[in-house]
Amino acid sequence: MSVRVADSIRFWLNDEPVEVTDVAGTTTLLRWLRERAHLTGTKEGCGEGDCGACTVAMVDSGDDGRPTFRAVNSCLLFLPMLQGRRLYTVEGLARSGALHPAQSALVETRGSQCGYCTPGIVMSLFEATYRRGLQDWQIDDQLAGNLCRCTGYRPIREAGKRVAGACPSDPFSEALAATEDGPRALRYEGRSPVHGSQRYLQPTELSELFAMRASHPDAPVVAGGTDLGLDVTKRHRHFPVVIGLEGLSHLEAIEHEQGGWRVGARVPLTVVMDVVGAEIAGLHKMLRVFGARQIRNRATLGGNLATASPIGDMAPALAALGAEVSLVGSSGRRSLLLDDFFEGYRQTALREDEILESVWIPRPAGAYDTFKVSKRRELDISTVAAGMYAELRDGLIVALRIRFGGVAAVPAARAVKTEAALLGRPNTEQEIRRVLPLLDVDFSPIDDLRGTAQYRAALVRNLVFGFFGAVRQSRVASFEPWPTSTLSGGLS
């Protein structure tokens, strides 16, 4: 197969068309903005999506499929990911000498101190300005990915309350409409920019993807970039060929089918949270403590599962629901239970030319909840994560799935012996206490920086005990503003 070769990358920057040539495909947007575009308002802090100083806004699909603004970390975006997109930096917000409402609010509340973090905070507030109906907790969530080195959070939050959901009629609202139709409408064009020895391939059809993977079997496949981006920014790895999935639009579909949802692998976790999480409280609860909003705006469901990290939060949450994955390759499609998808440490059932195409998330018929224990509530890696599901009939447990992350080599380790001992038994405190020792047989956690093996083993027992107690009292996951117990929200 002949690969289209086009050196240029085209997108809109602050409402001006940009065509970039002679740049490596793994050049981050942050680096290009500062070094090539000389837009230095976007700051470099951590380089790994933790501090928010590099936050910019891009137009993406909302939960209703219509264009919306998303705050994202420019340090984790490769430049070709912007093909055909509309991007805004802090330099592009003031118009005709007037500050944007997000900027004015931060000035009026005195939310800027040293100023280093301010541009990123402004861009998070910019997204909030065009989000309708924000609840109070969502303002906190909007800003959770922006660290203020001067610790001035109260006035920053006050600025967020002033602008959240304002949705002014301004050039930015007009730009959202322009992405749908008209002379400034955006069009994605799959291109393959080449720079020196590096190629960034962008297939627009599955057949192209399979051919590219056959020609370049060692090339990494990237969707959101929140994982592979760290290989570039922190490990300084060079990839001769990268295959980006930006052009495979069907991977962004999310469909409500009978009994559940079919979610494309490239659907961002923000959309999963807004669409599926709106009806499954336990899933919504886990996603609220998954990274920060900038990360969720880019991190994809398929990417989180395919990396098979043993501390990936979504794997135990979805496996407890009985989720299935659809895999596609040159020989066709096949489906697997998510339980069967993970085969070992960072190992999955994906064949050499396959990708994870979609995830089937069934609607729970019984009691379902998720738990994440971490040192911080927001923007932290799990010490232990869990998903649990139980169905009871006539007081007896007739269906049960207990899955844990952070306690084994696979990200959704199953409590096999514990489940078997509880099936057909009543959900009484005495019965649950009887089987708790079996969890020490099911799991053999390790010591690391986030917790000792003994601590993790105690967490596993306590979470299982707490889940069944909550089931007895009919108080499993709800949509409360923030969980109030350590069973729900982790350690603060």
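**Note on a helix pair and an aromatic cluster**

1. In this predicted model, helix α3, which covers residues 118-129, packs against helix α5, which covers residues 153-163, at an angle of about 25°, and their axes lie 9 Å apart. Because angles under 35 degrees count as roughly parallel, α3 is described as roughly parallel to α5. The crossing of these helices, α3 and α5, is right-handed.

2. The residues that bring the helices together can be named on both sides: I121, L125, A128 and T129 belong to α3, and they meet I156, A159, G160 and V163 of α5. Sorted by character, the residues of this contact between α3 and α5 comprise six nonpolar and two polar ones, with no charged residue.

3. Turning to the aromatic rings, the count comes to eleven aromatic pairs. In one of them, F69 and Y88 have ring centres 5.7 Å apart and ring planes at 75°, and since planes over 60 degrees apart count as edge-to-face, this pair is edge-to-face. The pair also links distant parts of the chain, as F69 sits in strand β4 (residues 67-73) and Y88 in strand β5 (residues 86-88), 19 residues apart.

4. Are F69 and Y88 buried or exposed? Buried means under 20% relative accessible area, so F69, at 1% relative accessibility, counts as buried, and Y88, at 0% relative accessibility, counts as buried too.

5. The rings of F69 and Y88 also belong to a wider group, for F69, Y88, F126, Y130 and F172 form one aromatic cluster.

Key
Residues are numbered from 1 along each chain as its sequence is written. This is a predicted model: local features need pLDDT of at least 70, side-chain atom pairs count only at pLDDT 80 or more; totals for chains, interfaces and linings use all residues. Side-chain values use heavy atoms; hydrogens and water are left out. Axes are lines fitted to C-alpha atoms, for helices over the stretch in contact, and angles run from 0 to 180 degrees between N-to-C directions. Helices (H or I, at least four residues) and strands (E, at least two) are DSSP runs, numbered from the N terminus. Angles under 35 degrees count as roughly parallel, over 145 as roughly antiparallel, 65 to 115 as roughly perpendicular and the rest as oblique. A crossing is left-handed if the near helix is turned anticlockwise from the far one by less than a right angle, and right-handed if clockwise. Contact means heavy atoms within 4.5 Å. Ala, Val, Leu, Ile, Met, Phe, Trp, Tyr, Cys and Pro count as nonpolar, Asp, Glu, Lys and Arg as charged, and the others, Gly among them, as polar. Rings of Phe, Tyr and Trp (its six-membered ring) pair if their centres lie within 6.5 Å; planes under 30 degrees apart count as stacked, over 60 as edge-to-face and the rest as tilted. Buried means under 20% relative accessible area, exposed over 50%, partly exposed in between (1.4 Å probe, protein chains only).
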